[in-house]
Amino acid sequence: MAAEVPLYAGRTAAPASDDPEAVAAWLASLPTIGKRELRRGFPKSIVRTTCDLKEAMQKGLVEIIATSGTTENRLQVLWEWSWWDPQEREAMRLNPIVRGAMAASFKEAVLTTPVCGGATCHIGTLSRAERTIDGMLFLNQAADPTHWTDAELTRMLDEWNDLGPDGVEADPQYLGALCRHAMRRGVTMHSPTFATLTYEQTTRASIRAMKAALPTMGAFNLYGATEAGVLFMECDKGRLHHNARHSHVELLDAGGGLARVVVTTLGRTWMPLLRYDIGDLVRLADGCDCGLPDEGYVLSRIEGRANDAVATPRGLFTPAMLDDIVDGADSALEQWQLQGAADGFLLHVVGSDGVQSATALAAALGTTVEPRATATILPEASGKYRMVRPQ
Amino acid sequence: MPNKFKADFPLLSRDVDGMPITYLDSASTTPKPRAVIDAVTRYYTEMGANVHRGVHPLGESSTTAYERARHAVAALIGASPQEIVFTRNATESFNLVAQGLGLSSDDEVVFPASEHHSNYMPWRLKAKTVLVDIDDEAVPRYQQLKERLTPRTRLVTLAHVSNVTGVVAPVEEWIAIAHAAGVPVMVDASQSVSHLPIDVRKLDCDFLAFSSHKIFGPSGVGVLYVRKDRFETLQLWNVGGGMVNYHGEDRYEVREAPFRYEAGTPNIEGAIGLGAAIEYVRAAKMDDIGKHSRALGAQLVEGLSALPGARVLGAHVPSDKRVALCTMSLPVPSMTQANIARLLADSHGILVSGGFHCAHILHHRIQLDGTLRASAHLFNDEEDIERLIGALRDLV
Ligand SMILES: Cc1ncc(COP(=O)(O)O)c(C=O)c1O
Ligand SMILES: [Zn+2]
């Protein structure tokens, strides 16, 4: 493939054999790419010279979609349903609880960033029928969940309960907010069998809200990216298993038990990725006893975006490690965001005064951390929350 | 010990005619700290794009910075960002409510006779104004509120802190009384927001307004807080771009609040500057600012009252019920109060306000032909006030 995709021109060709060691050695000899490389020259640079993108788009085989939002993370992606769907389903089926629920009559709801970002596509409010696509009900219509009105939250709860989904695909922060709203209102939520948590880092506070409102639901992280596919699925033992048939993953040692995720996609016609550094940090587990075949890496958890990790003389603190400290000190908090300041940090906290968390964090990081109680935290333009942001 | 905030304000290091300035006019507008100036500049040098319509990275950073400012405002006053409408200034916030409530000429709006024109004229134009009287020192006779309420009362409004007397009004009590009669309350926080911690949930007010430029932010940005459930009662007023979700020939659909009240390109850099200003006051700690303000207020009242013949407004109000703002009339033969203010500036570099402070009715009622107002803030210290008092003592 390397020879056919302009972005990879000049890379040495893959070894003739499938021998894993030969493949690994070959990959290790190649440079990694990041989002910046994917943005530049898109889409031509990432399409095989033997493929006709225009024709494929006219036929509806591929479409261009935008993902994420902070300046350094924005990306457009060639989206290929025929590749995405099977690999996503297959990843989900790695988990026995999810697999069991995905029967023929399976009802699914989606609670993530909206189908349409309102302000840019100007379609106005959509009816429930218009938001039901391939049997999946897309609940959210607001680009910024902090602007969900009570009426909007109530509409989503009503639709949720009316549909009675078996499975939900959710942004953990969004689902956490909906659960909290239900608890506050004293509304009982229909409990799906499972939720796959995706799009962004799952926080302890989101999980706590889900446990409170949906005590019998299984919540599992489904880790991937729009540009790279679904890479890992959490099993019922809380570990993440590689979706090995659709991607080759390298975990590059980042020290302290952490690793960066580098992906090479398999079997993808459009936008094939060759050593793409997704920009996240993960922690490797020493296997898992859940009974899944040992096909690839097993992770103990996703640690969050490498750019958002805080480097201190005491070592690197990933967003997940920060969450352990911040949330571990105060179980009343609902959301937090750490902001760099002239000296030390500001800790914005929703649901609490943040004093205990700031104290704990200051002790751990060895810097000053000033608490800032706030009613809401602003998501990025993409609708995703950032756990750590610069000054 | 030198005031630790003074160095943050580049303006304060300039001179007039070779004299260093003593800025005692923050009630008129506050100087801007470096952090605010930098935030505004950063918008021009690093973002520069319009908001809410951006698909390119600069548009996204402008939008995020602008919305972050809305969050900062909300966090400062204990509101949610959905409840914060950006306007041009406090005045526009009052006009928005006056127009949005759809008042008619026999609807009644109750407020003290001492209010700033900005919290007076909009009601005068749209409805019937019902005044609560003020005493000889221009302090409202707050206990009159109950008797002013009638079945035709549509709104009660009042300044949290008077821009003339510096006196803190018993807003919680007024709100309780008005609410008991089913009447919503609007609070003018223009003079209080930078001096006192405000929590709109505790206050339980329905609307609240202030201007960015009085809390160390840029001019041209104002805030209107609307309690979530009150948006239903507010009609659209300014319409245009940015406030519709869908616009077809058959129908249109407006965006949710607060965006539906923000037609047209807003003062993006101003809002971003306001966000930085709020961060600045929060870092300085509202409680500490409040303590400092009360101390300087007490010093002003005491020092100015001791001047021969001085008539200090609201002097009888205890110092824990006022901020660092004091207004008086000083009898100097053949000089108006505005003349005195000019003289303080020209021969001492002391900057205060002289005149009517946009409160003509107040001055008519207490029969004063203008007053002199000194207002201090976190960057002022006792010496600034002593300098003012010394200069005035020389004069009389
Ligand atoms: C109490 C009070 N209300 C309202 C205003 C009006 O503010 P702006 O002119 O910024 O609209 C002022 C400003 O002087 C004020 O002091
Ligand atoms: Zn497992």
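Start by selecting B:Ala138, which is buried at a relative accessible area of 0%; buried stands for under 20% relative accessible area, exposed for over 50% and partly exposed for what lies in between, with a 1.4 Å probe and protein chains only. This is a predicted model, in which local features need pLDDT of at least 70 and side-chain atom pairs count only at pLDDT 80 or more, while totals for chains, interfaces and linings use all residues. Residues are numbered from 1 along each chain as its sequence is written, chains are lettered from A and ligands numbered from 1 in the order in which they are written, and side-chain values use heavy atoms, with hydrogens and water left out.

**Backbone stops in chain B**

Stay on B:Ala138 and check its phi, which is near 70 degrees, a positive value in a residue other than glycine. The residue sits in the loop between strand 6 (128–132) and helix 5 (145–148) of chain B; helices (H or I, at least four residues) and strands (E, at least two) are DSSP runs, numbered from the N terminus.

Next, select B:Ser334, in the loop between strand 14 (325–329) and helix 10 (337–348) of chain B. Its phi is also positive, near 60 degrees. Is B:Ser334 buried or exposed? B:Ser334 counts as exposed, at 80% relative accessibility.

Go on to B:Pro258, in the loop between strand 12 (252–254) and helix 8 (268–284) of chain B. The peptide bond that joins B:Ala257 to B:Pro258 is cis, with omega about 5 degrees. As background for these stops, most residues other than glycine have a negative phi, and most peptide bonds are trans.

In the sequence next to this bond, select B:Arg255 and B:Phe259. The arginine lies over the face of the B:Phe259 ring, at 4.1 Å from the ring centre. A charge sits over a ring if NZ of Lys or CZ of Arg is within 6 Å of the ring centre and within 35 degrees of the ring normal.**The ligand site**

Select ligand 1 and display the residues near it, that is, those with a heavy atom within 4 Å. The residues around ligand 1 are B:Asn89, B:Ala90, B:Thr91, B:His116, B:Ser118, B:Asn163, B:Asp188, B:Ser190, B:Gln191, B:Ser211, B:His213 and B:Lys214. How many residues of this shell are nonpolar, polar and charged? There are 1 nonpolar, 9 polar and 2 charged residues. In this scheme Ala, Val, Leu, Ile, Met, Phe, Trp, Tyr, Cys and Pro count as nonpolar, Asp, Glu, Lys and Arg as charged, and the others, Gly among them, as polar.

Now turn to the polar contacts, which are pairs of N or O atoms within 3.5 Å; within protein, one must be able to donate a hydrogen and the other to accept it, and residues adjacent in sequence count only if both atoms are side-chain atoms. An N or O atom in the side chain of B:Thr91 is 2.5 Å from an oxygen atom of ligand 1. For B:His213, the distance from a side-chain N or O atom to a ligand oxygen is 2.7 Å. At B:Ala90 the partner is a polar backbone atom, 3.3 Å from an oxygen of ligand 1. Ligand 1 taken alone exposes 390 Å², and the protein buries 87% of that; the areas come from the Shrake-Rupley method with a 1.4 Å probe, and for residues only the protein chains shown count as cover.

A polar contact within the protein can be seen at B:Thr165, whose side chain reaches the backbone nitrogen of B:Val167 at 3.2 Å. B:Thr165 is in the loop between strand 7 (153–159) and helix 6 (171–180) of chain B and counts as buried at 1% relative accessibility.

**Aromatic rings**

Over all chains, the whole structure holds 18 aromatic pairs. Rings of Phe, Tyr and Trp (its six-membered ring) pair if their centres lie within 6.5 Å; planes under 30 degrees apart count as stacked, over 60 as edge-to-face and the rest as tilted.

Select A:Trp79 and A:Trp81, an edge-to-face pair at 5.6 Å centre to centre with 90 degrees between the planes. A:Trp79 is buried at 11% relative accessibility, whereas A:Trp81 is partly exposed at 38%.

Then move to B:Tyr23 and B:Phe379, whose ring centres are 6.3 Å apart with planes at 55 degrees, so this pair is tilted. The two residues are 356 residues apart, B:Tyr23 in strand 3 (residues 22–23) and B:Phe379 in the loop between strand 17 (371–375) and helix 12 (382–395) of chain B. B:Tyr23 is buried at 11%, and B:Phe379 is buried at 1%. Extend the selection to the cluster that ring pairs form from B:Phe5, B:Phe9, B:Tyr23, B:Phe216, B:Tyr280 and B:Phe379.

**Last stops in chain A**

Select A:Arg268, which lies over the face of A:Trp83, 4.2 Å from the ring centre. Then find A:Pro43 in the loop between helix 2 (35–39) and helix 3 (53–58) of chain A; the peptide bond from A:Phe42 to A:Pro43 is cis, with omega near 0 degrees. End at A:Ala306, in the loop between strand 14 (298–305) and strand 15 (310–312) of chain A, which is buried at 18% relative accessibility.
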